[in-house]
Amino acid sequence: IPKICNTLLLSFSHVSFSLLAMTEPTTDSCTPSLGPTPATVIHPRRVPFEHGLLPIPRLIFSDPTQTLTSLKNKLLELSSNNRVDSAAISESLQISVEQARLVLETLVSVLPSESESDSVDVHDLVLFLYIQSYKRLLPRTHKDSAAVADVWPSTSAFDGYLSALTPLQLVRSNSKRFTPSQGDEEAHQLSYLQKHLANIVSLLAEPVEGESEESLVLTMDRFEHLGFLFHYGDKGLEGNSLSQSSPFFANSDPNMPAVPAPASQVHDWLLQNIASALGRIAERTSSKENGPVSASDQDVAMTDASTTSVKVSTSARGASIIEGISKSSYAKHASDIKGSSVKVLNCHESAIYILAPLRYATIYGCSDATIVIGAVGKAVRVEHCERVHVIVTAKRICIANCRECVFFLGVNQQPLIVGDNHKLQVAPYNTFYSQLEEHMNEVGVLPTVNRWDEPIALGMVDPHDSLSHPAGVSDAQAESASRVDPDQFTNFVIPNWLGESTGSTEDNPFTLPESYMASQQRNENNLVEIRQLLREAPLEESRKRELSSALHVYFKDWLYASGNIRQLYYLQGD
């Protein structure tokens, strides 16, 4: 009986929508409109494009529709309730179990809703594999070439190797913006989805039993999987049901099976909405170029940042953007962050503290900085950074195209290293603040698991960028990271005036490895011993002054050699 009912529903869908098309226009509010609704706008979900692309060649197909249709059928045969684990992914894609696990973990981290960590839905996996063909938007050329300096590679004590794969240029003075704006990236992602929409819809559609193969429909469940790539409405808050924003399922009775929608009508409705959204972005971009940026446009076009005018904004869709901080210290707490993600862009010679629970965090184009981020429950991406210290607790982290950076990590999954990296170091997490454990618990980061020292290095060339690369490097593996020597490991102290005293965390929630713990204990014992010797030393006042002066000189030398002198400059700048 359920099979008969389902067949009737599938068949009825064509009749119902044919009747709808033949009906005269009416003011009846129950009649759905298949055109874009003026009060709402469709948006791409940026998260899969920013945190979900993997440089694994076997995930990119020359004929994705045909290949993925066959793969979907194979996965459904292997699945349980349409869900597959890493073993099934490994077998179907003919990749290693380690890479299959990486695919699964990455997909789980970019899904719009919480999911089981050991399996994924086949249809989400197919869409995830399809967008592996996406090419990121290239940075725009700067208008004033004299104001642009190569941050990578730049003058450094380690300039023995100059990479041919580092064409990205950053603006040293921060006086002009040249990286793609949020509006540029959104338009680029929408254009990609517009171009590939027919293939994407066909991968989710299913035929009507007894009808021709061209008679494809989407059930409400299949339609909801489009929420992996789109969200709808001005706020665009993730977690809202995409089906309830569509004319096909908005008024469906939750106690009754919903009538499936013809795939062709779903395709046409999405195309209309994408075209409308692209037109809206173009209008905003045009108005920005002809006049000042309004507060409502900050999610589309980022304002210029300079050393005297730091740009900090919150997107209407939930991303807080911190850009252009230079030679200063800057702090944000949970109460200051609106939304669930943060982007730290083009910040130099600064100390930045984001002491908050987040879903996503991005650090891009920063140099000579210390960046502390509280707890990130989904994913962190650090890209095109140089001589930056990153201190973070997170579910997972991806490091791409970075140089001479040190990462102090409390991460539940293996760090992923991709692209052209040089002289990276990793170390266990080394700080705390009073609300840290509360924030970790809120976003699901476990203090009992820390895989900081198990990095996975993938390809040196990222197939998702639009840059040309020298011949012969496409198969090269990315340079991995080395461990910080335990004798060089130190705790990082967050200034008291930055902390909020309402939490209960009084120490690092991650247990240090034995070698690092032993080194810390030796350092503490040495400090106690030196203090005692200084107190008991029978020195005259003049000799004590000489000793004090010598200690100051050595301390100053250490500040410069370790780079910690920067933090004094940051505090002085404040």
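In this predicted model, the sulfur of cysteine 405 has its closest cysteine sulfur in cysteine 402, at 4.7 Å, which is too far for a bond. A disulfide calls for a pair of cysteine sulfur atoms within 2.5 Å, and 4.7 Å does not meet that limit. Cysteine 398 tells a similar story: the closest cysteine sulfur again belongs to cysteine 402, here at 9.1 Å, and this is also too far for a bond. By this rule the count of disulfides is zero. Cysteine 405 nonetheless sits out of reach of the surface, for a relative accessibility of 1% makes this residue buried. Cysteine 398, at 9%, counts as buried too.

How much of the protein chain is buried? Of its 574 residues, 50% fall in that class. The chain holds 13 helices and 20 strands. Contacts that reach along the sequence are well represented: among those between residues at least 6 apart, 59% join residues at least 24 apart.

The buried interior can be followed through its nonpolar cores. The largest of them has 73 residues, and the members that touch the most others are Ile89, Leu125, Leu129, Leu218, Phe223, Leu226 and Phe228. Helix 7, covering residues 182–204, supplies the largest share of this core, with nine residues. A second core, separate from it, contains 58 residues, among them Val376, Ile399, Leu409 and Val484.

Isoleucine 89 gives a closer view of the largest core. Which residues does isoleucine 89 contact, once neighbours within four places in sequence are left aside? They are Val84, Gln94, Ile95, Ala100, Val103, Leu104, Val120 and Leu125. Two of these names, Val103 and Leu125, return where helices 5 and 6 meet.

Helix 5 (residues 97–110) and helix 6 (residues 122–130) have axes that come within 11 Å of each other and cross at roughly 100°. Helix 5 is therefore roughly perpendicular to helix 6, because angles from 65 to 115 degrees are placed in that class. At the meeting point, helix 5 contributes Val103, Thr106 and Leu107, while helix 6 contributes Asp124, Leu125 and Phe128. Sorted by class, this contact has four nonpolar residues, one polar residue and one charged residue.

After helix 5, the chain enters a loop that leads to strand 3 (120–121), and glutamate 116 lies in that loop. Is glutamate 116 buried or exposed? The answer falls in between: with a relative accessible area of 45%, glutamate 116 is partly exposed. Not counting residues up to four places away in sequence, glutamate 116 touches Arg83 and Val108. Arginine 83 lies 33 residues from glutamate 116 in sequence, yet their C-alpha atoms are 9.9 Å apart in space.

Two other loops hold residues with noteworthy backbone angles. Most residues other than glycine have a negative phi. Asparagine 81, however, has a positive phi, near 55°. Asparagine 81 belongs to the loop between helix 3 (64–78) and strand 2 (83–84), and its relative accessible area of 72% makes it exposed. Histidine 384 is likewise not a glycine, and its phi is positive at about 55°. Where does histidine 384 lie? Its place is the loop that runs between strand 13 (367–383) and strand 14 (386–394).

Conventions: Residues are numbered from 1 along each chain as its sequence is written. This is a predicted model: local features need pLDDT of at least 70, side-chain atom pairs count only at pLDDT 80 or more; totals for chains, interfaces and linings use all residues. Side-chain values use heavy atoms; hydrogens and water are left out. Buried means under 20% relative accessible area, exposed over 50%, partly exposed in between (1.4 Å probe, protein chains only). A nonpolar core is a set of buried Ala, Val, Leu, Ile, Met, Phe, Trp, Tyr and Cys residues joined through side-chain atoms within 4.5 Å. Helices (H or I, at least four residues) and strands (E, at least two) are DSSP runs, numbered from the N terminus. Contact means heavy atoms within 4.5 Å. Axes are lines fitted to C-alpha atoms, for helices over the stretch in contact, and angles run from 0 to 180 degrees between N-to-C directions. Angles under 35 degrees count as roughly parallel, over 145 as roughly antiparallel, 65 to 115 as roughly perpendicular and the rest as oblique. Ala, Val, Leu, Ile, Met, Phe, Trp, Tyr, Cys and Pro count as nonpolar, Asp, Glu, Lys and Arg as charged, and the others, Gly among them, as polar.
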